[in-house]
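Here are some notes to read with the model open beside you. Take them one point at a time, and find each residue on screen as you go.

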Amino acid sequence: MARTGPQKIPGASQAYFYGSGVFSGSAMEVNCGVVHTTEGRTVPSYADSQGRRGALAPTVTGLPDFKARKIRWYQHYDVDESARALANKLGGVETNTANVFQIELVGTCDDKYKTSWSGKRAGVDYLHWPTAPDWALAEIAWLIRWLNQQHGIPLTCVSNWLAYGKDSRRPGITPASYGASPARMSMGTWRGFKGWCGHQHVPENDHGDPGSMDFARVIQLAKGDSKAPEPVQEDDVPHAIGRYDTTDRTIVPRKWTTLPIDGVDLITGATHYQAMAHIQAVVPPGSTIQGRFYHLRKDNTRWTGPLIERIGTDGSTFADFHNSGSVVDTERVRFEVIYYPAKSDDQKSITITAAYCRGLYWK
């Protein structure tokens with residue numbers, strides 16, 4: 001089966017990539033995703049009983065960076081390549097090879113470690129994913145949104161995420177999400193499943209991760225929910241972003257162009273932000289304009305947000321581009337656009353007649 005679309009996740013480290021070695025997987029076309037938790041505080045080796053690294057690896061691992069309020073992604077397999085983190089019994093239903101993208105989140109889902117774990121503090125030294133802050137969920141949402149845009153995994157998820165602990169929906173059994181729980185799919189349901197679920201939902205498996213994680217919130221953020229993230233402290237007050245520019249700007253075809261909106265740097269010195277860039281442009285019908293936010297670091301390297309595409313219409317084209325993210329003090333948030341004419345040999349430029357950026361950020 002051919003692999004369609006980009007296979008490497010933007011910005012993800014390939015330092016622990018196992019897809020080109022002895023554990024390389026089968027080609028497939030992803031249409032669903034499974035979320036795991038590592039039950040540890042570092043990126044695992046994913047070694048089997050023989051000590052072979054990568055033998056039990058997912059597609060990607062997310063490691064929280066508390067200082068930067070980011071998730072550092074480590075990719076282990078191509079997007080359309082089967083990973084190895086699910087149990088797959090002989091003669092049963094396919095799991096790892098059932099068009100599934102697998103995410104491991106470093107941390108825990110165990111409610112015993114909701115506040116502390118071996119002297120470490122939740123939210124400071126590690127994440128208890130069922131109570132993870134909005135900045136962490138927003139980082140997962142970025143990946144979920146990219147997979148939706150580039151590979152078509154639906155922005156939907158199952159509704160019953162049982163706790164890895166006590167849960168009134170499964171009285172008398174602790175942890176409630178472990179084993180043959182009511183949340184576990186039948187083989188038939190799994191075969192037709194599209195969207196996102198947890199390890200606790202997959203048949204032929206008994207693990208209960210990621211517990212009662214608020215994955216519905218991840219889906220909301222991936223869809224561009226503009227609600228403010230939960231504050232880090234009770235007295236945190238968001239700052240408003242309000243920039244407007246009616247200067248005509250010429251955009252040449254097929255070249256990324258940073259678009260100043262009353263200044264080049266839209267946000268500086270923030271820890272978390274949610275913003276929308278809106279542009280008005282004269283774009284020929286059928287042509288395409290794409291936009292994305294990016295973070296420019298002090299050393300001029302950059303983190304690039306998800307790409308959003310809009311199609312030109314008759315008259316003026318109005319386009320919105322949403323993003324949420326976390327930045328450190330030395331990073332600057334900017335916005336860029338690129339224009340693709342409907343005809344490949346068309347070299348005519350377009351004009352952006354107005355642009356604004358609105359949103360909120362927290363210091």
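1. Let us begin with a term used further down: two strands count as paired if DSSP finds at least two bridges between them. Please also keep in mind that this is a predicted model.

2. With that in hand, look at β13 and β14, which form a hairpin with five residues between them. In the turn, N300 has a positive phi of about 70°. The two strands run antiparallel and are joined by three bridges. If you want one pair to look for, L296 has R302 of β14 as its bridge partner.

3. Strand β13 has other partners too. With β17 (residues 332-340), β13 pairs in the antiparallel sense over nine bridges, and G291 is matched there with V337. Four bridges link β13 to β15 (residues 308-311), again antiparallel; here I289 has R310 as its bridge partner.

4. Are the residues of β13 buried or exposed? Nine of the nine residues in this strand, 288-296, are buried, so that β13 is mostly covered. In a regular strand the side chains alternate between the two faces of the sheet. You can follow two sets here: T288, Q290, R292, Y294 and L296 point one way, while I289, G291, F293 and H295 point the other way, and all are buried.

5. Now turn to helix α3. Why is α3 described as largely enclosed by the rest of the structure? Because six of the eight residues in this helix, 215-222, are buried. The buried ones are F215, R217, V218, I219, L221 and A222. Their cover includes β1 (32-37), α1 (134-151), β7 (195-198) and β12 (272-282). Just after the helix, G224 takes a positive phi of about 95°.

6. F215 leads us to the largest nonpolar core, which has 48 residues. The members that touch the most others are W73, F101, W129, L143, I144, W196 and F215. Elements giving two or more residues to this core are β1, β3 (70-75), β4 (100-105), α1, β7 and α3. The largest share comes from α1, with 11 residues. Apart from this core lies another, of 27 residues, with I267, A275, I352 and A355 among them.

7. It is worth selecting F101 to see what surrounds this residue. Leaving out residues up to four places away in sequence, F101 touches a list of residues that includes I9, V30, C32, V60, L143, L147 and W196.

8. Where is K194 found? This lysine sits in the loop between α2 (187-191) and β7. K194 counts as partly exposed because its relative accessibility is 48%, and exposed would need over 50%. Beyond its neighbours within four places in sequence, K194 is in contact with N31, C32, P154 and T156. Its C-alpha atom is 8.9 Å from that of V100, although the two residues are 94 apart along the chain.

9. Finally, which residues lie nearest the centre of the second largest pocket? They are T37, E39, H199, H207 and D209, out of 18 that line this pocket. By class, the lining has seven nonpolar, six polar and five charged residues. The volume of the pocket is about 300 Å³.

How values were computed. Residues are numbered from 1 along each chain as its sequence is written. This is a predicted model: local features need pLDDT of at least 70, side-chain atom pairs count only at pLDDT 80 or more; totals for chains, interfaces and linings use all residues. Side-chain values use heavy atoms; hydrogens and water are left out. Buried means under 20% relative accessible area, exposed over 50%, partly exposed in between (1.4 Å probe, protein chains only). Contact means heavy atoms within 4.5 Å. A nonpolar core is a set of buried Ala, Val, Leu, Ile, Met, Phe, Trp, Tyr and Cys residues joined through side-chain atoms within 4.5 Å. On a 1 Å grid over the protein atoms alone, a cavity is a set of points where a 1.4 Å probe fits but cannot get out, and a pocket is an open set with protein on both sides within 12 Å along at least five of seven lines; lining residues have an atom within 4 Å of a point. Grid points are joined across faces, edges and corners, and a volume is the space filled by probe spheres set on the points. Ala, Val, Leu, Ile, Met, Phe, Trp, Tyr, Cys and Pro count as nonpolar, Asp, Glu, Lys and Arg as charged, and the others, Gly among them, as polar.
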